[in-house]
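User: I would like to work through this model in a few careful questions and answers.

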Amino acid sequence: MMETGHPNTTKSKMPIDYSYFINALSSRRRPGITRELTKKLYNAPKETISLAEGMPNDGSFPFEAINVVLKDGSSYTLQGGELAASLQYLPSQGYPPLLKTLKEFTKYVHEPPNWRNTDVIITNGSQCGISKSIEMCIEEGCPILVQNPLYSGTEVVMKPFKPTLLPIDQDDLGVIPAHLVATLEQWKEKCTADPTIKMPKMFYVNPTAANPTGTTIPVDRKKEIYKICCDYNILILEDDAYYFMDFQDSKPVSFLSLDVEGRVLRFDSLSKVLASGLRMGWVTGPKQLIHNIELHIQSAYLHSSSLSQSITNNIFRVWGFDKMLEHFASVSNFYRIRRDLTISAMERHLKGLCDWSIPSGGMFVWIKVRNVPDVYEMLMTRGLKKHVCFAPGQAFMTDPAAACNYVRAAYSRASPKQIDKAMRLLAELIREEQQLLRRKLDNFI
Ligand SMILES: Cc1ncc(COP(=O)(O)O)c(C=O)c1O
């Protein structure tokens, strides 16, 4: 379906030892016997009598049928055995029909070259997969490579482990490979000088329409980054929550589709393209790592919502992959129109006050404010008084305590009229802030 262009990995290498990535805590996880039974009994012959599982009797549930009506007029009804399955406990890896669908869909979209050693697990949104994966690999105080700025939901997972975040700079095409190498080489020198220091094992990257910058990494750059990660034995955490919301003509080539070695954990999300409240996401990656994530999910919440999984599976069934992708494309187009009108509003109000790049997808524009070294107070105190709210750049930095002159604007929900007004108010705020700073400086002199 897509032109993947796998990177040339010239050296033939030893297979990856995944135990290198799994921390001591995670390596001690063992399957719960009753959870394993649930998995086995799901596919057992019909005549099997089970008194093994602690499942409630679904006959006691008060639901008779659930009708789902889609905006395009198609509909389906969950009833009988399917309704019972949609309301009952499930194996931790996911609702088997949906798991099969998502595996086929992932293969269809990404054509992963290492599919034989790859597995999938369904998660409560991609955030759940991201956090379980980080918690599988992280060690207290360890170094982690992250694109900077980064999605704040990742930083909050890492922070309690007091890691050393190694920020990798981005330009208009996302993460800069040369900076990745320079950072790794500098860190290697530290490791040589002090053998107690370890090399980073993970690189968190949000490659498509990134939150907050809106940048998409082109395939050539991805190949360079992938090669670097192979050379330094790094696991790529590919958070691609906006994969289907890239506005460019050709669909992005994912790290998963370049992954000949099996060093990518990919996080997909249906939050932005189906419904965020369904909490539907899935992780794709090396079998051993997926199995460890499954053990964590078993112990944390047994499995993701059965009803959400069943609803999602039925939308795939009713629409098929192509109609589903058509729907995603229409959502993407909705946001592209929003992006364009937001940029027009910014050109009307913010010219000379701010700089920005045009987002290549997603829901955000990342705005650099001129002559205001720190936007925090301006937005959080004076902005809220004017009844306008933007996210201060600090929220997305590896060091949120440092001064930051960036603002993130989400153009997803406000109406076009409200977006125009918000940009006008931001311009007002910036002018006032610049005046305030000038006055402070005059008084100081
Ligand atoms: C970059 C990024 N990754 C992951 C997520 C989490 O999404 P989900 O709703 O799938 O948990 C978000 C949510 O905004 C995000 O922006």
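User: Which residues come nearest to the ligand?

Analyst: Since this is a predicted model, local features need pLDDT of at least 70 and side-chain atom pairs count only at pLDDT 80 or more, while totals for chains, interfaces and linings use all residues. Residues are numbered from 1 along each chain as its sequence is written. A residue is near a molecule if its C-beta atom, placed from the backbone, lies within 6 Å of it. Of the 13 residues around the ligand, those that come nearest are Gly125, Ser126, Gln127, Ser269 and Ser271.

User: Which helix gives the largest share of the shell around the ligand?

Analyst: By class, the shell has 2 nonpolar, 10 polar and 1 charged residues, where Ala, Val, Leu, Ile, Met, Phe, Trp, Tyr, Cys and Pro count as nonpolar, Asp, Glu, Lys and Arg as charged, and the others, Gly among them, as polar. Helices (H or I, at least four residues) and strands (E, at least two) are DSSP runs, numbered from the N terminus. The largest share, 3 residues, comes from helix 5 (residues 125-137).

User: How many residues of strand 10 are buried?

Analyst: A residue is buried if 20 or more other C-beta atoms lie within 10 Å of its own, exposed if 12 or fewer, and partly exposed in between, with C-beta atoms placed from the backbone. Both faces of strand 10 are covered, with Val264, Arg266 and Asp268 on one side and Leu265, Phe267 and Ser269 on the other. For strand 10 (residues 264-269), the number of buried residues is therefore, by the cut-off of 20 or more C-beta atoms within 10 Å, 6 of 6.

User: Which residue in strand 11 stands opposite arginine 266?

Analyst: Two strands pair if DSSP finds at least two bridges between them. Strand 10 runs parallel to strand 9 (residues 235-239), joined by 4 bridges, and antiparallel to strand 11 (residues 280-286), also joined by 4 bridges. Opposite arginine 266 in strand 11 stands threonine 284.

User: Which strands stand at the edges of the open sheet in the order 12-13-15-14?

Analyst: This open sheet is formed by 4 strands with antiparallel pairing, and strand 14 pairs with strand 15 (residues 406-410) over 2 bridges. Each edge strand has a single partner strand, so one side of each is left without a neighbour in the sheet; the two are strand 12 (354-356) and strand 14 (391-392).
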